[in-house]
Amino acid sequence: MSQFKRSDGRANDELRPIKAEMHVLKNADGSAYFEMGNTKVIAAVYGPREYYPKQLALPQESMVRVRYHMIPFSVKERKSPALTRREIEISKVIKEAFGGCIKKDLFPRSTIDVYIEVLNADGSTRVASINAVSLALVDAGIFLYDLVAAVSVGKIHDQLIVDLTGDEDQNSEADMPIAMMPSLNKILLLQMDGTLTVEEFNNLMKMGIQAIKKIYEIQKETIRSSLESVLKMYGQT
Amino acid sequence: MKREIVLPSTLLETGDDLKPGLTTYKIGPNIFSGILGLYEKTNSKEINVIPLKGKYYPSIGDRVVGIVTKFQVFSWNVDINSFHEAILPFSNAIKKERQFYSDLNKLISINDVIYAEIISFDRFSPPTLSIKKKGLGKITEGYIYEITPGKIPRLIGKNQSMINMIKQMLGIRIIVGKNGRVVALTQDFNKIEILGEVIQKIENESHVPGLTDRIKNLLESKLNKTS
Amino acid sequence: MSEFKYGVFIPKIKQKFILNLLNNKKRVDNRDFIEYRKIKIKYGHIPNADGCAEVQLGNTIVIAGVKLDLTNPYPSEPDRGTLIVNAEFPPVASPDFEPGPPDENAIELARIIDRGLRKPEVVDFKKLCIVPGKKVYGLWIDIYALNHDGNLIDAAGIATMAALLTAKYTKVDVSPTGEIIRTNERLPLEVINFPVYITHVKIGEHLIIDPNLEEEMIADCKLTTIISNGNLIGGIQKSGSGALSIEDINQALENSLKIYPRIKEIITSSVK
C-alpha cells in the first residue's frame, strides 16, 4: 500500500493519549475532565433537580437537557461566545444519546442538566464530550444502564482511521462519530458526514467498536482509581 | 462480609427469583448495578447497591435536615437535597393545637433550618414533611455539614456506635439528617472544625474497612492537641 | 409569581455563625481578614489560544484566554490595536448561573478587568498597529468561570495577567504593495504595566479580603480596587447595595497597596 502516515505518526487504528479525571468541579453535582490528544473538554451535571416551570415537567420521567458549548479561544480562529447551529445540533444528539442510557423513570417531573465546555478543540470534540459526560453522570450518582463510550472514525486519503484530529477532520472524505453502551452493545449516537461504500462503513464500525472498548476500559479505570487511591493508602487492595 | 466496588453495568447476581431495587436493573435472570457503589451479598431477594454518590432518595419515616426556600400560602417549600423540594404544610408545623399565628413568617421563614420527618412520599409528588413530633422543629443555631446521603449509615454506625462515639468524644449534640445534612449544636469553633474533619474523612473513606478505628484515632489526636 | 432559580442557599444559622466568627476576629477557614486563599496558576495548556491561564483561588477556578487576530482599528484611534474583554459565568461553575448571554455580574466583571488593562495600558497598543488606519491586531481576552467559590474578579485578574505574560502571537509583515503576510515567527506580548485586582467585602462592620462564596453572599457590599504598578490606583468599583464609610475605603486602599507586591510576585514566579 502507499506510504500513508498520519501527521502525528499514529497507526490507523491508534487512539491519541487520553487523560480523564472525575469530580473536578465542586459546585456541580457531578463533573469530569476528558482529554483526547489536544481536545480538552470539561463536563458538569446538575440533578436530578426540579424542573421549572413545574407545569411543563414530564409527568412520568426525568427530562435530560444538554448544552454543548465551545469557549471562544478553544479554536484556531476566535469564535463568538454565542451558541452556533453546530453547537445546538451537537447538544441535541448528545442529549438523545444519554436519553437512552439514563434510567429516567426514577425521578418523574425532574430534570438532569448537562453542561459541556470545550476548552481546546482538535477534532472529535463531541465524542470527547460524551466520554466526559459519562464520568460526570457517575460522579453525580445518576442511574445509568452502562457508561457511554465514544470515538470518531473516518476516511482520509482512502485510509480508514480512528480518532480524528482537527486537521484530519477538515481533510477527510468521511468522518463518523459513534457512541455506544459497550456492555449492552447498544449504539446511542451515530452520525456520518461525507461518502463511504458499504464495505468501508462496516470496517469503520468494527474499528470504532474496538476503539470504544479501549476507551470504556479507561473510563472504568478512572472511576475505580478515584476510590482505589484511598484504599491503597491503607494497604487495602 | 466483603464489599465490592461496582459500576453501572457490573453483573451482581443471577437468579430468576431475584428482584431489582432502586439502584439495580434486571435483564433476563441477571441483575446489574445502575450506579457506582458498594455491593455486599445478602440473603435478600431484592438486590441493592450502597450508593457512594448522589442525592437523597426520600423514604417515609426518615428524619431530614431541610432549608426553607419558599413561603407559600399554606405551606413552606423546603430543600432536602433531593430531586424534588419537600412541602411543609402549615398544619404540620404547629406544635400546639388551636394555636393562632398572626404572622406565619415569624414561625418559620426563608433560609431557616428545620429538622423534620417525611410523612408521605411517592415518586410523582413532592415529599411532605412534619415537625409536630418531639425533637423536631426549627434549628436556631449550630453548624451544618453536608455528606453524601449514601454515607449517612456509615456515620451513624451499627446500633448508632459511630455517631455515639463521636458525640461522646466531642461532648456536643449532633443532629443527623438521613438526607446527608448534619448539624453540630454548638458554638465551639474548635469542635466544629474537628467534626468537619471527621465528616470529611467518612466521605472520603467510607468504602475502606476499618473506618471506626481511624475515626477514633483522628478524634483522639485532634482532642489531645487542643487540651 | 417569580419562578424559583436554582441557587445556593446560606441558611440563617450559617450566616449567624460567620458573623459570630468575624466578631471574634476569625474566618471560617482560619484566614486573617487580609489574607488570600491559596493561589495555583496553570498556563499554556490550551494550544489554540495565543495565551491562557487557569487560576485556582481556594476553590474558585477561572480560566482566561488571549487571542490576537487581524482587525480594523477604531476610527478615533487609527494607529492602535484594539482590546475587547469578555467574561462569562457558565452553568458549570454554579447552580446559580443560567445558560445564555452574560448577565449584569459577568458584564461588570469584564468591564472592571478592562478598566485595569486600558489605563495605564497593559501593553503598548501602538506596537499592535500593522497598517495605520487599515489593519491592527485585535487583542481578545475571554474569561470563563469554571467553579464559583467567591471572588471571581480577583481570580479573573490573576488569570488575565498570567495569560498576557505568557501569550505569543504571529508576526505579520507588510509587503510593499500593502499586502499582509503571516510569518512563522511568534512574538511575545510585551506587558508594560501590571494591574492587580483586589476585592474586599463589608460584612457588618468588618472589612475582609478575598471573600469565599458564603462571605460574598452575606456581604453588605463589595469593593474592588485595581492597583497598577505598585503605587497607582488603576480603578475602583463598589458593588452591592450596602454602604461604605470613607474609613472603609481608605482601609481597603491601604490593604491593597500592601498586598499588591505579594500577588504580583505569585503571578510572575508562576509563569517563569
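Reader: How far apart are the end C-alpha atoms of helix α1 (residues 85-99) of chain A, and what span should we expect?

Author: Keep in mind that this is a predicted model. Helix α1 of chain A has 15 residues, and at 1.5 Å a residue they should span 21 Å. The model agrees with that expectation, because the end C-alpha atoms are separated by 21 Å.

Reader: Where around α1(A) do its buried residues sit?

Author: Let's start with their names: Ile90(A), Ser91(A), Ile94(A), Ala97(A) and Phe98(A) are the buried residues of α1(A). An α-helix has 3.6 residues a turn, so residues three or four places apart point the same way. The buried residues cover an arc of only 125 degrees around the axis, so they lie on the same side of α1(A).

Reader: Which exposed residues are on the face turned away from that buried side?

Author: Here we look across α1(A), to the face that points away from its buried residues. The exposed residues carried there are Arg85(A), Ile88(A) and Lys92(A).

Reader: What do the buried residues of α1(A) pack against?

Author: Their partners belong to chain A and include a helix, α2 (125-139). The others are the strands β4, β5, β8 (174-181) and β9 (186-190) of chain A.

Reader: Which elements of chain A give two or more residues to the side that touches chain C?

Author: The contact draws 27 residues from chain A and 28 residues from chain C. On the chain A side, the elements giving two or more residues are β3 (39-50), β4 (63-70) and β5 (110-120).

Reader: How do the residues on that side of chain A divide by type?

Author: We can sort the residues of chain A that touch chain C into three groups. They come out as 15 nonpolar, five polar and seven charged.

Reader: Now for chain B: how many helices and strands does it have, and what percentage of its residues is buried?

Author: Chain B has five helices and 17 strands. Its C-alpha trace spans about 60 × 50 × 25 Å along the principal axes. Of the 227 residues in chain B, the buried ones make up 38%.

Reader: Is Phe90(B) buried, partly exposed or exposed?

Author: Phe90(B) lies in the loop between β11 (86-89) and α1 (104-107) of chain B. There are 15 other C-beta atoms within 10 Å, and a buried residue would need 20 or more while an exposed one would have 12 or fewer. Phe90(B) is therefore partly exposed.

Reader: Which residues does Phe90(B) contact, leaving aside its neighbours within four places in sequence?

Author: One of them is Leu104(B), 14 residues away along the chain, with 8.3 Å between the two C-alpha atoms. The full set of contacts is Leu104(B), Phe74(B) and Ser75(B).

Methods: Residues numbered from 1 in each chain as written. Chains lettered and ligands numbered in written order. Predicted model: local features only at pLDDT ≥ 70, side-chain atom pairs only at ≥ 80, totals over all residues. Helix = DSSP H or I, 4+ residues; strand = E, 2+ residues; numbered from the N terminus. Contact = placed C-beta atoms within 7 Å. Nonpolar A, V, L, I, M, F, W, Y, C, P; charged D, E, K, R; others polar. Expected span 1.5 Å × (residues − 1). Arc of directions from axis to C-beta.
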